[in-house]
Amino acid sequence: MRLGEPARMQAAINITPLVDVVLVLLIIFMVMAPQMRKGPDVNLPNTTKPNSQGDERGRILVSIDEAGGLWINDQPVAAEHFDETLRAAVGAETNPKIVIRGDAKLNFREVREVMVAIEQTGFRGVGLIAKRAGAEGK
Amino acid sequence: MQFNSNDSGSSLQSEINITPLVDVVLVLLIIFMVVVPLLMEGYDVDIPRASADTSAQVAESQLILSIGAAACPILTPPAGEGIPKDCQVTLADQKIPVAELPTRVAEILVRRPAEQRALFLAVDDRLNYEGVLRIIDLAKSGVEDLKIEFVAAN
């Protein structure tokens with residue numbers, strides 16, 4: 001009896017701390033998920049069925065915030081340095097894809113000016129990011 | 001000793017088997033980690049070549065959709081879903097209510113080969129960006145593989 005019992009106790013791994021850690025990680029990820037996107041907070045336009053924008057590799061985010069400020073990935077950029085910063089961000093990407101996150105309150109002019117600036121660095125196609133209506137808050 | 005064996009018997013009953021729970025939670029965690037950076041949806045559009053002569057690019061077969069601020073006054077983000085009903089757009093020189101856009105675009109483009117299914121957009125600068133995206137969304141709902149191209153503003 002004395003020999004058998006301690007051996008049985010050792011054989012069972014106590015996984016309660018593991019569960020604790022994993023649950024905490026899960027909660028952290030769930031809370032952080034909306035904030036993990038690169039770039040500023042942008043109130044994306046609502047549409048009914050936007051298309052998927054491919055995967056993250058080679059994706060370059062150009063954000064235009066509510067005030068018209070420009071961001072490339074997570075860095076704010078002055079309009080006069082936009083071209084060179086964008087070229088630096090594209091850098092060695094083999095298959096770059098530029099997507100624009102524009103705020104819903106913007107005028108089309110501000111978005112068009114950014115598209116023209118992107119075209120001048122040699123890109124003809126961009127993705128305009130939208131939010132599926134009802135995707136949040138339901 | 002007898003107490004001991006009693007204890008171990010009752011503890012066996014009170015223990016919940018959490019291995020399936022751990023499995024599920026781990027899988028959820030991995031799904032979240034993988035999916036979070038990939039979630040992004042939008043519209044692929046082509047931008048006009050600022051350097052090129054745009055008048056030469058506009059051929060007769062090109063389907064042009066003009067959205068003017070006078071006929072379609074979306075100057076602030078539209079409330080709720082969809083586009084205000086009083087919005088009128090000009091498709092191939094014909095003024096139509098915006099609600100007819102999907103059927104009209106489909107009528108015109110359905111006979112064309114897939115690579116020519118393109119809609120050229122001339123948008124007033126004063127329009128709200130969200131309104132423009134909703135009109136693009138509406139146009140695309142008529143033709144699945146519609147290519148959207150912006151025309152340089154005059």
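Which residue in β6(B) does Asp46(B) stand opposite? I looked, and Glu149(B) in β6(B) is the one facing Asp46(B).

A note to self before going on. This is a predicted model, where local features need pLDDT of at least 70, side-chain atom pairs count only at pLDDT 80 or more, and totals for chains, interfaces and linings use all residues. Residues are numbered from 1 along each chain as its sequence is written, while chains are lettered from A and ligands numbered from 1 in the order in which they are written.

**Chain B strands**

I followed β1(B) to strand β6 (residues 147-150) of chain B and found a parallel pairing over two bridges. Strands and helices here are DSSP runs (E, at least two residues; H or I, at least four), numbered from the N terminus, and strands pair if DSSP finds at least two bridges between them. Next I checked strand β5 (residues 118-123) of chain B, which pairs with β6(B), also in the parallel sense, over four bridges. Ala118(B) has Lys147(B) as its bridge partner there.

**Across the chains**

I then turned to β7(A), which is joined by six bridges to strand β1 (residues 41-46) of chain B, running antiparallel. Val126(A) sits opposite Val45(B) in that pairing.

I tallied the contact too: 47 residues come from chain A and 39 residues from chain B. Contact here asks for C-beta atoms, placed from the backbone, within 7 Å. On the chain A side, α4(A) contributes the most, with nine residues.

Terms used
Contact = placed C-beta atoms within 7 Å.
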